[in-house]
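User: I have a model open and want the reasoning behind its labels. Take me through them one at a time.

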Amino acid sequence: MKTSEKTDKLMPALAAAYEEMGAAFKTGRNPHFKSKYADLPSVDAASRPVLAKHGLMYTQGVVEGLGGLAMETTIIHGASAQFINQLVPYVVPRGRTEDPQAQGSAITYSRRYGLRGLKSRPTQQKPSRNLRRRAMMRVSTSDWSRILCR
């Protein structure tokens, strides 16, 4: 993980965004493994509005790194241009490097994990209508202290 030389504007904005950000819902389905996962639109929807509210944005692109190709995810504080970024391996299965579907899947997978990893956001099953309000409730710092200090 890399950061700009100064982070005095970025980190408080990121901390405030983290406090408000909800979990990404597992709306994607993987029939091969019979499982659900938080797809890229879910991860984006859970984070983009809150990041924007605090003057933050993210960019993603394929770069050389980690011994091959990698997805670089960068969160930028717009007013100061301070940033934090990380790389996630970009993996295309052997023998499928010429397959556009395999390339697209690798890009989407890397983008989703890069975004989730940099923002450290959990995922959860999509709640019922009654539980949705509670899932979106904000947890205060004092609540986290009580939870973590048990």
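Analyst: This is a predicted model. Start with Gly-61, which lies in strand β5.

User: Why is Gly-61 called partly exposed?

Analyst: Its relative accessibility is 27%. Buried means under 20%, and exposed means over 50%. The value of 27% falls in between, so Gly-61 counts as partly exposed.

User: What makes Ala-70, Met-71 and Glu-72 contacts of Gly-61?

Analyst: Contact requires heavy atoms within 4.5 Å. Ala-70, Met-71 and Glu-72 meet that for Gly-61, with neighbours within four places in sequence left aside. A C-alpha separation is another quantity to look at: Gly-61 and Thr-73 are 12 residues apart along the chain, with 6.9 Å between their C-alpha atoms.

User: How do you know that β1 pairs with β7?

Analyst: Pairing takes at least two bridges between the strands. Two bridges join β1 to β7 (residues 83-89), so the criterion is met. The two strands run antiparallel. Lys-2 stands opposite Asn-85 in β7.

User: Why are β1 and β5 called edges?

Analyst: The open sheet has four strands in the order β1-β7-β6-β5, paired antiparallel. β1 (2-3) and β5 (56-65) each have a single partner strand, so one side of each lacks a neighbour in the sheet.

User: What makes the largest nonpolar core a core, and which elements feed it?

Analyst: Its members are buried nonpolar residues joined through side-chain atoms within 4.5 Å. There are 18 of them, and Leu-14 is among those with the most contacts inside. Leu-14 touches Leu-51, Leu-56, Ile-75 and Ile-84, not counting residues up to four places away in sequence. α1 (10-20), α2 (40-53), β5 and α3 (100-119) each give two or more residues. The largest share, five residues, comes from α2.

Methods:
Residues numbered from 1 in each chain as written. Predicted model: local features only at pLDDT ≥ 70, side-chain atom pairs only at ≥ 80, totals over all residues. Heavy atoms only, no water. Buried < 20%, exposed > 50% of the residue type's maximum accessible area, 1.4 Å probe, protein only.
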